[in-house]
Every structure is written in C-alpha cells, then in structure tokens.
Amino acid sequence: MTWPRLAGALELHQIGLELNGRPLLGPLDLAVAPGEIVTLMGPSGSGKSSLLALICGTLDPAFRSSGEIRLDGSDLAALPPERRRVGILFQDDLLFPHLSVAENLAFGVPPWVRGRKARRQKVREALAKADLAGFGDRDPATLSGGQRARVALMRTLLAEPRALLLDEPFSKLDVALRARFRRFVFDHARAEGLPTLLVTHDPADAEATGGTVLRLGEDPAAEAAPAAPALSKATGG
Amino acid sequence: MADALQPLTLPGAAAPVRGRWLRAIPVATLLLFLGPIAAGLIGTWLPAFGYLPALGGESFGLGPWVELAAYPGLGSSLRLTLVSGLLASLASFALAVSFLATCYKTRAFFLLRRLLAPLLSMPHVALAIGLAFLIAPSGWLARLISPGLTGWERPLDLAIVQDPHGLALALGLALKELPFLLLMMLGAIGQTRADQRLAVARTLGYGPVMAWIKTVLPAIYPQIRLPVYAVIAYSLSVVDMAMILAPATPPPLAVLVFRWFHDPELSLRFLGAAGATLQLVLVAAAIGIWHLGERLAVRLGRRWLFAGGRGHSGPWLPRGVAALVSLCVGLSIAGMLGLAVWSFARRWRYPEALPSEWSLDNWLRQSDGLLWAGGTTLLVGLAAAGIALVLVLGCLENEKRHGLHPTGRILWLLYLPLLVPQVAFLFGAQVIAVRFGFDGGWAAVVWSHLLFVLPYVFLALAEPFRALDERYTRSALCLGARPGRVFWTVKLPMLLRPLLFALAVGFAVSVAQYLPTLFAGAGRFVTLTTEAVSLSTGGDRRVIAVYAFLQALLPLVAFSLALLIPAWLFRHRRDMKVIE
Amino acid sequence: MARLTAAFITLALLTFQTAAAAAQADDWDAVLEKARGQTVFWNAWGGDERINAYIAWVGTRIAEDHGVTLRHVKLTDTAEAVSRVLAEKTAGRDSGGTIDLIWINGENFAAMKDQDLLYGPFVERLPNQALVDFEGKPTTLIDFTVPTEGLEAPWGMAKFNFIYDSARIQAPPQNAAALAVWSAINRGRFTYPAPPDFLGSTFLKQALIELAEDPAVLQAAVPDEATFRSVTTPLWRYLETLHPFMWRDGESFPASGPAQRQLLNDGEIDIALSFHPSEASSLIADGQLPETARVLVFPQGTIGNTHFVAIPYNASNAEGAMVVANFLLSPEAQARKQSSEVWGDDTVLDLDKLTPEQRRLFEALPKGPATLAPDALGPVLPEPHPSWMTKIEAEWLTRYSR
C-alpha cells in the first residue's frame with residue numbers, strides 16, 4: 001500500500017506488542033488527523049496504556065514492539081521520549097508536589113522560549129486560559145481536583161506537543177466536573193489542531209468525542225465505528 | 001517496501017547511548033565491593049593453611065589448625081561466642097516479631113517508630129560503653145538505689161559486665177539489633193499491604209496477634225531473612241562491643257583473632273588466619289542452622305496455619321511485650337544519659353547518685369583530640385556516605401532506565417559484607433593493601449567504610465526510589481525534559497527525604513566502624529570510635545564518656561538534619577510531608 | 001651476676017660517652033633542618049588521659065620550637081605497633097613506614113631489636129642525652145637486661161608500687177605473702193590487671209622475685225623448660241592461693257592499670273597497682289581517686305625500670321622523631337612530666353648535671369598528699385630478662401584464661 005502521508009497526523013502502521021513472547025495487541029493500523037480525537041476502548045490488560053507508552057517512547061523494555069509510528073510524516077522510533085513532542089495526560093494529574101503551580105507550568109515551557117520574561121508570560125497566559133490567574137504561587141496540594149486537572153493539561157499544552165495522548169484522564173473526577181473538564185480538554189486539543197488518542201472505559205467519554213471508537217482485544221477492523229470519518233481508518237495490510 | 005515490518009525495536013533505543021556511563025555503575029559497584037572481600041578472604045585462607053611466604057610459610061599444611069585447636073581456652077571462647085551471639089540474635093528477633101505482632105498500630109508502636117531513627121543512629125560502641133556504666137555493680141543503676149534501698153555500702157562483687165557467659169554482651173547486641181530488625185520489618189510490612197491482610201484475618205475471627213503471625217509474618221519473612229542473617233553474622237563476630245562487654249580471659253573468638261593479628265609475635269599471624277577462617281565457618285554454620293530452623297518452622301507452621309486456631313490472648317501479652325521493649329529502649333537511652341553525665345563529672349564515687357563535683361574540664365582538655373578525631377570521623381563519614389549515595393543512585397537509576405529487575409542473587413552479593421565476619425577478610429585485605437602501598441591513606445579508609453556503608457544506603461534508598469510513581473518520570477519526559485533533567489529536577493527533589501535519610505544512615509554506619517578504620521587506616525586514622533574503644537579498655541571513665549557521647553551525637557545530628565532540611569525546604573508543599 | 005652487669009654498664013657508658021662527644025652540633029642542626037615540616041606519627045599506649053594530655057602538650061611545644069607536627073596514635077597495647085612494623089617489613093616496605101616513634105620497653109624492645117626493626121643507634125645524636133643520669137639509673141642503658149645500645153632514648157623512670165585507700169585499710173600488707181593473707185581476710189578487695197598488661201605482668205614478676213629461691217637466675221634468659229618450671233613453681237602456688245580470694249573470685253581481671261584504678265575509685269577494690277610513685281597524688285588532684293588514697297612500697301624493694309622511645313627502621317620521619325625524643329629529654333619536658341598535676345612520672349635526668357635554673361623547675365614541683373619522700377621509696381629490684389616475662393605470660397594465659 002501507499003503510506004497516507006497526512007500533514008500533522010499521527011499514524012500507526014502494523015503496530016504489534018508482545019509481553020514475554022505473548023502477543024498483546026495488534027497488528028494495528030490507525031491514522032489520527034490533526035484536531036481529530038480517536039477513542040480506544042478495551043478491557044483491562046488489553047494493552048491500551050502500553051500502546052500510549054509505546055507512542056510516547058516510555059514503554060517498559062520488557063515489552064517487544066513491532067511496526068511503525070509516524071507523526072507528521074516522521075518516524076518516532078528513532079527519537080527519545082523527550083524529543084517526540086507527544087503530550088500525555090494520566091488518570092492522576094501528576095503535578096510535581098515539590099513545585100508551585102507556576103513552576104509546574106514552567107517545567108512544560110520548551111527551551112526555545114528564551115528569556116525569563118517570555119517564559120513567565122507563557123505561564124501567565126496558561127494560568128489565565130485555565131481560569132487560574134493569580135494561582136501561580138500556590139502549592140498544587142491546595143488546589144481542587146478540577147483546578148489541578150486543568151493545570152496538568154496546561155502544562156502538557158505548554159510543551160507545544162504535536163499530538164496528545166489521554167490515558168483515562170477523566171476517570172477520577174466526579175460526574176459534574178468530568179463533563180466540563182472533558183469539554184475543556186477536547187476544545188483545546190481541537191483548537192491547537194492536535195491529533196488526539198483517548199483511552200477510556202467510559203462510553204460517555206467516547207460519545208463526547210463524536211469521533212472514531214476502536215475496541216481493542218477484538219478484531220480492530222471489524223470494530224471500527226461505522227460512523228468513522230474518512231480520515232481515520234483502520235486499514236488492513 | 002513500505003509494507004515491510006520494522007524489525008522488533010525498542011522505541012527508547014536511543015536512550016542507552018547516553019546512559020553508557022550509567023551502565024558501568026552497577027559493575028563498578030560490585031567490583032569495588034566484592035574485590036576486596038574476595039581478595040581478603042583468600043589472603044586469609046592461604047596463611048590459615050600455612051602459606052605466607054613473606055613470613056616464611058612456604059608450604060601448605062595444617063599446622064595453624066593444630067595450634068588453634070591446642071590454644072588454651074579456645075573451647076570457652078567458642079562457647080562464649082556462640083552463647084552470646086545466638087542469644088542476642090534470637091532475643092532481638094523474637095522481641096521484634098512479638099512487638100509488631102502484639103503492638104502493631106498501637107500507641108506504643110507509633111512512639112517506638114518515632115524513636116527508631118535516634119536508636120538506630122546510636123553507635124554500638126557508645127551503646128556498649130553506656131550500658132556498661134549503667135549495669136555494672138558500681139554502675140549508675142546501683143548508685144541510684146544504694147545504699148538507701150540495698151544497703152550496699154560497697155558495690156557487690158558480682159560479674160554483671162564481662163560476665164563469664166557473655167550475657168552482658170548478648171544484652172548489648174540485642175539492644176543494638178532490635179531497632180535494626182524493627183526498621184527492616186516495618187519496611188517489609190509497607191510492601192505487603194499488611195493492613196488489608198490483617199483486616200481480612202480479623203473479619204475471619206482471628207485475634208490480632210494470631211492474625212499478624214499467620215498473615216503478615218509469612219509475607220514479610222522472605223524480605224527480612226537477609227537482615228536476620230546479617231544480625232547473626234554480626235553478633236557472632238563483633239569485636240569492639242565484645243572488648244567492652246565480654247570477659248577478656250578468654251574473650252570471644254573474634255577478639256582472640258583480632259589480638260593474634262596484632263601480636264608482635266609474627267608466627268601468630270598463621271594462628272590468627274586459622275582463627276579468622278574458623279570464625280567464618282562458625283558464622284556460616286550458625287546461619288545454616290537458622291536456615292534449617294526456618295524450614296522446620298515453615299513445615300510446622302503450615303499445619304498450624306491450617307488448624308485454624310484463632311488465638312485470642314488477653315491484654316497482658318501486648319503489655320508484657322511492650323514493657324520489655326520499653327525496657328530495652330530505656331536502657332539504651334539511659335546509657336546515653338549516663339555518658340552525658342559522666343562527661344561533665346569531676347568526682348563521682350560510688351554510691352553517689354550524681355557526681356559530687358562537676359566540671360567542663362573533660363571537654364575542654366580534650367578539645368584538640370575531639371576536634372581532630374571528630375573531624376576525621378566527619379570527613380570519612382561524609383565521604384563514604386556521599387560516595388555510597390552516588391553509587392546507589394546510579395544503580396537504581398540504571399535499573400529504572402533499562403527496566404532491569406534485580407534478582408535475589410544480587411541482593412545476596414549486596415549483603416555479603418554484612419554476612420562475612422570482618423575479621424575473616426580484613427587481615428587478608430590489609431596484606432594486599434600494604435603490598436600495593438594503598439594502606440594508611442584516606443582512600444583506603446573511605447573504601448573500607450564504603451564496604452559496609454553501601455549495603456545500608458542501598459537498603460534505605462532502594463524501596464522509596466522504586467516506589468516513586470513512574471508516571472511522574474513519563475510525564476516529565478513527555479513534557480520534553482531530558483532524562484538527566486528529569487533525574488535532577490523531578491526525582492531527586494521528590495526523593496529528598498529518603499535521600500537524606502539514606503545519607504544519614506550511611507554516615508551513622510561509617511561513624512560506627514572500628515575494625516575497618518584500624519586495618520585500612522594503619523592505625524593512623526583516629527576517629528571518635530577508635531578513640532572510644534582504645535580508651536574503654538581502661539581509660540578515665542569521664543574521658544571515655546566524652547568520646548562516646550560525641551560519637552553518639554554526630555549521627556543523631558545527621559538524622560535530625562535529614563528530617564529538618566526537607567521539612568523546612570518543603571514547608572509550603574503539603575504533599576511533600578510524610579504521612580504518619 | 002651483679003658484677004657482670006656492672007662491668008657491662010661501665011663498658012656501655014664508655015663507648016657511649018666517646019660517641020656522644022663525637023656527636024657534632026652540625027649533625028643536630030642538619031637533623032633540625034630536615035625535621036622542620038615533618039609530621040611525626042608517635043605510636044604510644046593511649047589508655048591514660050593524663051599521659052595523652054602530656055603528649056598533646058609535647059606536640060604543641062614541638063610545633064612551636066621546631067615546626068614539627070606530632071600525631072599521637074593511641075594504642076591499647078604497644079605490641080600493635082611492633083606488629084605493624086613487622087607487617088611492613090614482611091611486605092617489603094623498607095622505607096616510608098607508617099610509624100615514626102614508639103613508646104617502648106622490655107619485651108617489645110627486645111623483640112624489635114632482635115628482628116632488626118629499629119633505627120639507629122640515634123641516642124648519641126640527641127644533645128639532651130648528656131643530661132641523662134646513666135650512671136645513677138642503670139636501667140636507662142639496660143632495658144629488662146637487654147642493652148639498649150643507643151636504639152632507644154630513655155624517657156621516664158617507673159617504680160612498681162601500690163595505691164590503697166587509707167580510709168579502709170589501716171595496716172597495708174608489706175610483701176607479696178602478706179598481700180595474700182590480707183586478701184583472704186578482705187575477700188574480693190584486690191585484683192591485678194590481666195597479663196600481658198604491663199602492670200599485671202609486673203605484679204607477677206614482683207611476686208616471683210620475692211618467692212623464687214634464687215632470684216638471680218631471672219637476670220639471664222630462661223635456660224630450659226625444666227628450670228622455668230622449678231623457678232616459677234612458687235609463683236603458681238602463690239596465685240592458686242590468692243586467686244579465690246580476689247575480686248570476682250579471680251575469674252576475671254581488669255583489662256589495664258587505669259581500669260583497675262577506676263575500680264578503686266568505684267569502691268569495688270581497696271588496693272590497686274601503679275608504676276609511678278607520684279601517680280596517686282596526681283590522680284587525687286584530678287578527681288580520679290579519693291583524698292584518702294596513699295602509696296605503698298614493699299620495704300624489701302619493688303621492681304623499677306625505665307621506659308623509652310624508639311624509632312622504627314623504616315620510619316618516614318626519623319629526623320622529626322629524633323627532635324621529639326630530644327625534646328622529651330629536655331629539663332622542661334622532664335619536669336613537667338614529673339609534676340603530680342600532670343603525670344607524676346619520674347625523670348631520667350641527673351639533677352646535678354642541670355643548671356641551677358633548670359634544677360629549680362624540679363624543686364618547684366608540687367608535692368601531692370600521697371607522694372612519698374624519695375628515701376621512703378625502698379630499693380629498686382631489677383627487671384628479669386624478657387624471656388621470663390614472655391614465658392610467664394604464656395603460662396598465665398594457659399592457666400587462668402580458659
């Protein structure tokens with residue numbers, strides 16, 4: 001086949017995962033266009049999170065993987081995690097407890113933003129976007145769950161990622177907060193034109209994306225949601 | 001072409017290129033570690049069988065062993081070694097287990113947990129000296145109640161310290177080992193979700209003690225096995241504490257061996273080497289016997305577990321055990337207090353409860369010596385603990401980055417310096433060090449301390465390091481931070497508390513070293529410990545107290561700093577506080 | 001026997017004095033020059049804090065006067081240093097050794113001399129050796145019957161004595177036999193440090209000299225096993241009677257002289273041993289003994305000897321060590337050492353050879369309450385040959401360290 005080279009897209013080609021010689025996942029083909037949100041669902045242990053780790057480059061060496069991952073046309077395999085520019089959000093916000101809110105955000109600001117002033121400005125903007133202006137000096141531990149989640153997203157976005165991975169980031173929030181934060185995340189992902197891959201257990205999350213839903217642990221091709229937009233497709237080899 | 005599958009790849013394949021130096025650390029650490037021990041053992045075994053050309057031993061033979069067997073008092077020396085060593089090991093183990101079984105999560109438990117660091121930091125020499133001052137017939141305890149309560153106008157003529165059976169030594173060892181075993185058990189409990197186990201067992205109708213013994217102990221024992229073996233090895237081969245608390249005619253085997261190695265009569269080196277080898281065999285045999293005991297306990301225990309006894313004990317059991325543990329802790333603390341009082345005494349005769357004349361002279365007159373010995377202690381301790389910390393961090397970080405899962409065998413290697421009696425290899429190591437002109441310098445002393453500091457620093461740090469949520473690292477990496485930056489700005493600050501604690505542990509271990517300082521330092525390195533020991537064989541008690549008290553104070557300060565620095569640095573970071 | 005010793009001393013003196021005359025001031029200046037900036041590692045028994053303090057004082061003075069740094073390596077037993085030098089020799093380290101100076105005498109000196117482990121002769125090069133009372137104090141040349149031959153420099157005079165608490169004992173025993181009787185009456189109130197501690201060993205020698213049929217045989221090496229048995233039999237018989245009445249029933253012993261002194265202060269025993277007649281006064285002044293402590297010497301005499309400093313053959317800083325040895329022989333250092341407020345160790349100098357000013361240093365020394373007048377110290381008994389001591393210590397271990 002010809003490799004569909006889509007500007008800015010996250011493309012997985014024939015991805016397979018093995019643990020201790022036992023196939024865990026795949027082979028999987030998937031393309032996520034900029035601004036598109038694809039949902040991965042599947043039972044525990046089906047390798048969803050490992051897939052995300054593989055894309056990030058932080059997969060435990062105990063796993064063996066095959067296939068190709070391209071982001072904006074370039075192969076990710078050769079790059080260490082910190083140079084892939086793939087942002088990830090976990091179930092927990094994972095704000096660094098030893099840093100203030102502003103310091104947490106500043107940790108994400110990439111090195112090419114030079115100068116103290118410029119970096120501080122970036123942080124201030126991010127705080128404003130998260131509706132947390134003036135919270136910069138606070139101890140993250142004193143923030144509410146929703147506030148922390150927003151800081152975590154902002155920290156990820158500040159690093160100027162080229163793709164966004166979401167590892168059940170809504171599951172620990174209560175129902176009311178969940179919908180709001182979900183919208184917040186999706187809006188930002190779309191606004192920044194990020195190809196986004198969401199892993200979740202919650203059908204409501206999948207529904208809210210309005211996009212493709214892939215079910216793992218079953219034949220991926222058969223399970224691709226029928227309403228899939230043309231761009232995201234599960235192609236057979 | 002595009003269809004071709006990529007060969008199996010590791011996405012992180014780029015990382016090892018940068019981590020090459022990191023990969024060398026575990027190898028270097030093991031070499032640094034096992035090299036001198038292996039060389040030292042061989043350097044001891046050869047003369048044990050008559051081979052040491054430098055001293056005219058050109059051929060192999062059993063001469064040294066024949067001489068050893070004929071040595072007057074060897075029998076009593078062995079008996080003394082075994083009785084005091086095994087008694088101390090058994091008592092401290094039994095007390096630690098029964099305390100946790102009966103008092104887990106009671107007030108006594110929390111209190112003791114808070115006292116653990118200061119108790120651990122107490123060097124065994126200081127503890128032995130303090131204990132001796134306390135329990136001797138003319139000691140502080142007797143002075144407090146005499147002659148009023150006892151009518152003892154003169155002290156009883158009773159061998160309480162340096163008693164022929166080594167009971168005082170056993171007591172001193174048990175006091176020292178109890179906090180260590182408790183700490184190791186607490187660490188193990190943290191990994192076994194003991195609370196849930198207990199809750200389940202309690203809902204099934206088991207009494208608290210029985211629930212602990214039947215569900216928690218079997219789970220933690222595999223993890224405390226090596227620490228228990230280390231306790232046995234140490235108790236059977238201790239030299240410095242034995243010189244203070246054990247009888248001298250004859251002393252325990254390790255002290256005999258130590259004397260032979262330092263005798264002007266050169267031929268005694270062969271005897272010493274044979275004795276050192278016997279010491280090794282003795283320790284190995286004791287550990288072997290304990291191991292057999294374990295298996296027997298497992299076999300009997302299975303049946304007993306299956307029998308389903310619920311074991312509801314009355315309140316007397318926890319109270320009794322708590323009282324016994326309190327007594328141990330009390331003796332240790334009172335011993336330190338006694339040291340403090342003696343160090344400020346001028347005239348203090350039996351049966352006065354407190355000195356009749358006080359003075360600062362002991363401190364002032366010693367100030368030069370104290371500064372010198374204290375400075376050396378501090379420098380060597382900081383260097384050894386610092387190097388150990390760097391090596392341990394390197395090993396752990398390497399393990400994390402390359403997804404390695406260390407096997408039990410590696411852990412055995414790590415414990416080796418704690419399992420092999422010091423006298424069994426230090427002589428051989430010294431001979432080699434002298435040959436290469438490596439003895440008597442800072443490097444040799446720090447290295448010799450490192451052998452014993454490293455395992456403890458590893459023990460203290462491995463658990464918290466491995467327990468740090470891996471996702472923090474992943475988040476930081478995905479935010480574009482290089483592994484180095486992640487290590488320095490995320491991992492280290494988040495682990496500051498355990499890091500400093502491990503440093504303090506390493507420092508305390510270094511401060512306590514006696515034999516390594518003597519052997520590697522060619523006797524030129526005067527530390528608070530070597531001073532305290534050399535004085536304790538007959539110096540002025542007030543001066544001994546000064547050195548021993550300072551020796552105990554240094555690690556205590558280190559532990560306090562390890563606690564205070566992170567607390568102050570992170571005073572505005574709620575999630576960085578320890579959860580009690 | 002005595003005549004032989006006297007002849008030997010005369011001979012030794014003669015060679016010595018001519019050699020001393022030949023020693024040139026130039027030589028000493030060269031030594032001083034080389035010594036400047038050296039760090040001398042002095043291995044000396046470190047069990048007595050007053051002595052340690054004195055050594056520390058020597059260190060400050062030496063640094064002031066000659067720019068030599070002194071480090072006191074404290075030993076629990078001088079044998080440790082001897083074995084260290086031996087170890088270095090066997091390892092082929094014939095220079096750059098770790099020990100520069102050793103406080104030594106008796107069997108340790110004999111062992112080192114025997115094995116060629118000593119530097120020198122160097123004593124004749126020390127300017128202050130001219131002040132030593134070699135004639136009046138023969139033990140400064142004959143150390144436990146072994147000629148020093150300039151390989152060790154005399155430092156101080158020791159004379160065996162007893163310290164007792166006069167508040168508890170009115171009539172102290174006057175010889176070894178009487179001591180045994182006294183112990184039988186006052187059970188558990190006497191003990192001696194376990195040999196090879198030098199005080200404990202000296203007690204055994206003292207008893208042997210008193211009990212042996214012919215003490216003169218002790219002045220030569222042990223000829224054979226049979227003689228050793230027969231000569232020492234009275235000693236072992238004596239100990240068999242004494243031990244059951246001693247402290248801890250004679251089952252355990254204090255590790256050293258100071259440990260035994262501590263027992264005296266603790267009230268656990270009533271009589272302790274000492275090697276320095278002014279020590280008791282010094283200890284009273286220091287708060288380590290009751291005001292009622294007094295000194296006792298046996299009227300028929302007690303063992304006396306000299307202690308020395310020697311330099312190992314492979315010392316890294318032999319010049320610095322000689323500078324220290326010379327300073328130790330200075331009237332200033334000797335007088336201070338003799339003060340009961342400092343140490344109470346008697347001088348090796350001949351006061352008649354001193355200038356009036358130097359003599360005044362000694363005359364001005366305070367006399368403590370327990371210090372005996374020089375004429376009340378009784379005769380000096382000579383040390384036996386070291387081979388006796390070595391064998392007695394071994395035999396003692398076999399018999400009582402089981």
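These legends go with a set of close-up views of a predicted model.

**View 1. The whole complex, and who touches whom.** Keep in mind that this is a predicted model, with an ipTM of 0.85 and a pTM of 0.82 for the complex from the predictor. Two pairs of chains touch, and the pair with the most contacts is B and C. Chains A and C, on the other hand, stay out of touch, with 48 Å between their nearest C-alpha atoms.

**View 2. Where chain B meets chain C.** Chain B puts 46 residues into this contact, and chain C puts in 51. On the chain B side, the elements giving two or more residues are β1 (345-347), α16 (367-401), α18 (422-435), α24 (528-536) and α25 (541-569) of chain B. That side of chain B is a mix: 19 nonpolar residues sit there with 13 polar and 14 charged ones.

**View 3. Where chain B meets chain A.** Here 32 residues of chain B are in contact with 41 residues of chain A. Two helices of chain B, α20 (470-478) and α21 (483-494), each bring at least two residues to the chain B side. The largest share, six residues, belongs to α20(B). Sorted by class, the side of chain B that touches chain A has 17 nonpolar residues, eight polar and seven charged.

**View 4. The five-stranded sheet of chain A.** This open sheet runs β6-β7-β8-β3-β9 in chain A, and the pairing is parallel. Look for β6 (86-89) and β9 (213-215) of chain A at the edges, where each pairs on one side only. From one strand to the next, the twist averages 20°. Zoom in on β7 (residues 163-167) and β8 (residues 196-199) of chain A and you'll find four bridges between these parallel strands. One residue to pick out is A:Leu164, whose bridge partner in β8(A) is A:Thr196.

**View 5. Chain C on its own.** Chain C has 14 helices and eleven strands. Its radius of gyration is 21 Å, close to the 21 Å that the globule rule gives for 402 residues, so chain C is as compact as a globular protein of that length. Along the principal axes, its C-alpha atoms fill a box of roughly 65 × 50 × 40 Å. Of the 402 residues, 56% count as buried. As for contacts in chain C with a separation of 6 or more, 83% of them link residues 24 or more positions apart.

**View 6. How confident the predictor is about chain C.** The mean pLDDT of chain C is 89, with 94% of its residues at 70 or more. Among the elements of chain C, helix α1 (residues 2-22) has the lowest mean pLDDT, 53, while helix α11 (residues 318-328) has the highest, 97.

**View 7. Strand β3 of chain C and its partners.** Side chains alternate along β3 (residues 101-104) of chain C: C:Leu101 and C:Trp103 point one way, C:Ile102 and C:Ile104 the other, and all are buried. Strand β1 (residues 39-45) of chain C runs parallel to β3(C), joined to it by two bridges. In that pairing, C:Trp42 has C:Leu101 as its bridge partner in β3(C). Strand β10 (residues 302-310) of chain C runs antiparallel to β3(C), with three bridges between them. There, C:Trp103 stands opposite C:Val309 of β10(C). As a reminder, strands of a sheet pair through backbone hydrogen bonds, either parallel or antiparallel.

How values were computed. Residues are numbered from 1 along each chain as its sequence is written. Chains are lettered from A and ligands numbered from 1 in the order in which they are written. This is a predicted model: local features need pLDDT of at least 70, side-chain atom pairs count only at pLDDT 80 or more; totals for chains, interfaces and linings use all residues. Two residues are in contact if their C-beta atoms, placed from the backbone, lie within 7 Å. Ala, Val, Leu, Ile, Met, Phe, Trp, Tyr, Cys and Pro count as nonpolar, Asp, Glu, Lys and Arg as charged, and the others, Gly among them, as polar. The radius of gyration is taken over C-alpha atoms; the globule rule is 2.2 Å times the number of residues to the power 0.38. A residue is buried if 20 or more other C-beta atoms lie within 10 Å of its own, exposed if 12 or fewer, and partly exposed in between; C-beta atoms are placed from the backbone. Two strands pair if DSSP finds at least two bridges between them. Axes are lines fitted to C-alpha atoms, for helices over the stretch in contact, and angles run from 0 to 180 degrees between N-to-C directions. pLDDT is the predictor's confidence in each residue, from 0 to 100.
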